[in-house]
Amino acid sequence: MGNCCSDDAGGQTAVGGTAASHGNPNDAHNDAVDHLLKSRGYHGLFSQIELSLAAIDLRDRDVLSKSDPMVVVYTKGRDGGLVELGRTEVVLNSLNPKWITKHNVTYHFEVVQTLVFRVYDVDTQFHNVEVKMLKLDEQQFLGEATCALSEIVAKSDRLLTLDLVYREESSRSNRHQNRGKLIVHAEESVSSKTTIEMSLRCLDLEYKDLFSKSDPFLVISKIAESGITIPVCKTEVIKNELKPAWKPIYLNIQQVGSKDSPLIIECFNFNNNGKHDLIGKAQKSLADLEKLHTSGQGENLFIPAGHDHHNKTLKSQLFVDKFTESVQHTFLDYLAGGCQLNFMVAVDFTASNGNPRLPDSLHYIDPSGRTNAYQRFYDSDKRFPAWGFGARPIDGPVSHCFNLNGSSHHCEVEGIQGIMVAYSSALQNVSLAGPTLFGPIITNAASIASQSLANGGQKYFVLLIITDGVVTDLQETKDALVKASDLPLSILIVGVGGADFKEMEILDADKGDRLESTTGRVASRDIVQFVPFRDVQSGEISVVQALLAELPSQFLTYMRSRNIKPNL
């Protein structure tokens, strides 16, 4: 089986249908994409396609165990450049993995869309690192495969098997060595906002270990039209337990097709070597599981038919302790309902940026009109607050939050031209100083966000901080962020220059550790997204995409946690 993702417990986390998985806006049917395409005249020429991945006979690159594979999916542009679409989870100790993470892509009938799949063996030392943070050049390359999206959707069963090759082999015409095969399955996504929350438990599970009780976990799979099973969700592993009760799982209707679509629920005993023992299974639809919850009865698990072609019914039972159905509104629903996104900007004027009169300064104003590192990130046609920090105004003390327009009464500027004029003027009227303090800026932005709470919750604020990254009030910044995590506010940070950005990476809690204040209070959610400009190779569009990648999920986490509905 082998479907385990890396985590602190050594590959025993839940995958796919858990509450945490709702944080990834890329792994769902994209209403915003549909809306954009239709607004531009694309009617009936595109479909949202969900890709599921599996592999067989992968190369074994580990000495004392099997490989721990992960797939990175790319789309190839017209210029031949690759754009990463997403990554699967890591499957421990498996040469025949079935990944649970799905990838959505918009299929255009009239366009040749080339997909590239690269498989990596993730080194043991990185098993506790979030997959999107993994550096691919530090992992072992197992092989790649390439195909057109149309090749998959044109198959009657939407199933395409590809040979994995090494990159140097992919351009040769000679026979490739056997690197294993990648299996790609495509299904058309049907948008659904209905989400099911279930709590599952089992009784009287069988012993599968010699000297202890079983270590059970559940895998829930859907049955595709072709008859193959595709995993959509996995619970966490519960150690040494024959009466396990797992954490709630969350399934969107679009993940399974409909409430009446049959699901395979398999209970496995976890083994570190990846060869998990099947304890028993059941086949039920969501509607059937709802009936089990209503009746309070259990469903007996069974072992598939043997030579006598009869399933063996077990005394082990599956129970549904909770079954609730709710509507999960999308990011687009809130925008359509009139929810306002309000942007704020703060610019780092500390001395570590260098003398703005010298060409090597991040603030250098080029007489030819060429933009500097700070001027490349403004793009708005509305009024918004704009501040500077870490500078000494003429005949004044160092300020850690001053109005960029020079006014002592208001901080707003008018669009991109206003921010450019205010920025250029500020460079002539302040002296770069220090230290670099984020706390005052964040506190000021949080104050503005808090004033909107009386407005029915239909405003959300985004603060963009552009800095060289040498922050000196790290704990005070953490305190301000923890306090702001309860407010309708996200903070986007762009790091410019070649400074050490380790502190910024700490503030962006992508690795799973929530920020903690000096009083021991933990942030209610992650509100920071940090992008170092030097790490982005594809220009400004990629910077914007990287900055905004987490904004929809941060926005929805806030709205859902406070039960704020869109005005539809």
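## Overview of the predicted protein chain

Of the 568 residues of the protein chain, 51% count as buried. The model described here is predicted. The chain contains twelve helices and 25 strands. Among its contacts with a separation of 6 or more, 72% join residues that are 24 or more positions apart. The protein chain exposes about 26900 Å², of which carbon and sulfur atoms supply 49%.

Two loop residues illustrate the local surroundings. The table sets out their relative accessibility.

| Residue | Relative accessibility |
|---|---|
| Alanine 523 | 6% |
| Glutamine 113 | 15% |

Alanine 523 is found in the loop that lies between helix H10 (502-507) and strand E25 (528-532). Because the limit for a buried residue is under 20% relative accessible area, alanine 523 counts as buried at 6%. Apart from neighbours within four places in sequence, alanine 523 is in contact with Val482, Ser485, Arg514 and Leu515. Its C-alpha atom is separated by 9.0 Å from that of lysine 478, which is 45 residues away along the chain.

Glutamine 113 occupies the loop between strand E4 (103-108) and strand E5 (114-121). With a relative accessibility of 15%, glutamine 113 also counts as buried. The side chain of glutamine 113 reaches the backbone oxygen of threonine 106 at 2.7 Å. Threonine 106 also appears among the contacts of glutamine 113 when neighbours within four places in sequence are left aside. Those contacts further include Val105, Tyr107, His108, Cys147, Ala148 and Leu149.

How values were computed. Residues are numbered from 1 along each chain as its sequence is written. This is a predicted model: local features need pLDDT of at least 70, side-chain atom pairs count only at pLDDT 80 or more; totals for chains, interfaces and linings use all residues. Side-chain values use heavy atoms; hydrogens and water are left out. Helices (H or I, at least four residues) and strands (E, at least two) are DSSP runs, numbered from the N terminus. Buried means under 20% relative accessible area, exposed over 50%, partly exposed in between (1.4 Å probe, protein chains only). Contact means heavy atoms within 4.5 Å. Accessible areas come from the Shrake-Rupley method with a 1.4 Å probe; for residues, only the protein chains shown count as cover. A polar contact is a pair of N or O atoms within 3.5 Å; within protein, one must be able to donate a hydrogen and the other to accept it, and residues adjacent in sequence count only if both atoms are side-chain atoms.
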